[in-house]
Amino acid sequence: KIEYEQTLRNRYLQGGRGLFLHYYQQQRVGLSNAYITEEDKVKTLNIAEFYVEPSSRGKGIASQMKNQLIAWGRKQGATQLKIEVDKGLKTANRFWFKFFTLDPSGLRNVYSANI
């Protein structure tokens, strides 16, 4: 836990990142971490971490978090979105598949979309 906390802190301090804590009924229920990359003048919102507490799932929190990340990415000038998900994370893959285009050809599933 301490190592992961330090990793997140270092990523945030690099700049160009959004680290978000999400609350529901005054309880912290989720965390997301995103950053912007630019290639050929196209800015992409990359979602690096996205987590909702198991007891808070199924309440629409993940969709709200996703929408907040997209809004943040747009404010940063992003027009594309990308997230990589481990193939074995069935719940996460079901969630992202509902909204975005899947490329399953690599070691991880890659979801993308215009935003």
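The following exchange examines why certain features of this predicted model carry the labels they do.

Reader: What makes Phe50 and Trp96 an aromatic pair that is edge-to-face?

Author: The ring centres of Phe50 and Trp96 are 4.8 Å apart, and the cut-off for a pair is 6.5 Å. The angle between the planes is 70°; since planes over 60 degrees apart count as edge-to-face, the pair takes that name. The structure holds 7 aromatic pairs, and this is one of them.

Reader: Why is the pair of Phe50 and Trp96 said to tie together parts that are apart in sequence?

Author: Phe50 belongs to strand S3, residues 42–52, while Trp96 belongs to helix H3, residues 90–97, so the pair joins parts that are 46 residues apart in sequence.

Reader: Why is Trp96 called buried, and what is Phe50 called?

Author: Trp96 has a relative accessibility of 2%, and buried means under 20%, so the label applies. Phe50 has a relative accessible area of 22%. Because partly exposed covers values between 20% and 50%, Phe50 is placed in that class.

Reader: Which aromatic pair does Trp96 form with Phe95, and how do you know?

Author: Phe95 and Trp96 are also edge-to-face, with 4.8 Å centre to centre and 80° between the planes. That angle is over 60 degrees, so the term holds here too. Phe95 is buried, because its relative accessible area of 12% falls under the 20% limit.

Reader: Which residues form one aromatic cluster?

Author: Phe50, Phe95, Trp96, Phe99 and Phe100 form it.

Reader: What makes Lys66 a residue that lies over the face of Phe99?

Author: Lys66 is placed at 4.1 Å from the ring centre of Phe99, and the cut-off for that distance is 6 Å. The definition also requires a position within 35 degrees of the ring normal. Lys66 is accordingly listed as lying over the face of Phe99.

Reader: Which residues of the largest nonpolar core touch the most other members?

Author: They are Leu45, Leu81, Ile83, Trp96 and Phe100, in a core of 21 residues. S2, S3, helix H2 (61–75), strand S4 (80–86), H3 and strand S6 (108–114) each supply at least two residues of this core. H2 gives the most, with 6 residues. In soluble globular proteins, nonpolar side chains tend to be buried together.

Reader: What does Ile83 touch, leaving out residues up to four places away in sequence?

Author: Ile83 touches Ile47, Trp96, Asn109, Val110 and Tyr111.

Reader: How is the largest pocket described, and which residues lie nearest its centre?

Author: The largest pocket has a volume of about 720 Å³. Its lining comprises 30 residues, of which Phe50, Tyr51, Ala92, Phe95 and Trp96 lie nearest the centre. S3, H2, S4 and H3 each supply at least two residues of that lining, and S3 gives the most, with 7 residues.

Reader: What makes the phi of Asp40 worth a remark?

Author: Asp40 has a positive phi of about 50° although it is not a glycine. Most residues other than glycine have a negative phi. Lys41 likewise has a positive phi, near 65°, and is a residue other than glycine. Asp40 lies in the loop between strand S2 (27–39) and S3, and Lys41 is found in the loop between S2 and S3.

Reader: Are Asp40 and Lys41 buried or exposed?

Author: Asp40 has a relative accessibility of 70% and Lys41 has 78%. Exposed means over 50%, so both values meet the definition.

Reader: Why is Lys82 called partly exposed?

Author: Lys82, in strand S4, has a relative accessible area of 31%. That value lies between 20% and 50%, so the label is partly exposed. Leaving aside neighbours within four places in sequence, Lys82 is in contact with Thr44, Leu45, Asn46, Ile47, Val110, Tyr111 and Ser112.

Reader: How is Asp103 classed, and what does Asp103 touch?

Author: Asp103 lies in strand S5, residues 101–103. Its relative accessibility of 38% is between the two limits, so Asp103 counts as partly exposed. Not counting residues up to four places away in sequence, Asp103 touches Arg108, Asn109 and Val110.

Methods. Residues are numbered from 1 along each chain as its sequence is written. Side-chain values use heavy atoms; hydrogens and water are left out. Rings of Phe, Tyr and Trp (its six-membered ring) pair if their centres lie within 6.5 Å; planes under 30 degrees apart count as stacked, over 60 as edge-to-face and the rest as tilted. Helices (H or I, at least four residues) and strands (E, at least two) are DSSP runs, numbered from the N terminus. Buried means under 20% relative accessible area, exposed over 50%, partly exposed in between (1.4 Å probe, protein chains only). A nonpolar core is a set of buried Ala, Val, Leu, Ile, Met, Phe, Trp, Tyr and Cys residues joined through side-chain atoms within 4.5 Å. Contact means heavy atoms within 4.5 Å. On a 1 Å grid over the protein atoms alone, a cavity is a set of points where a 1.4 Å probe fits but cannot get out, and a pocket is an open set with protein on both sides within 12 Å along at least five of seven lines; lining residues have an atom within 4 Å of a point. Grid points are joined across faces, edges and corners, and a volume is the space filled by probe spheres set on the points.
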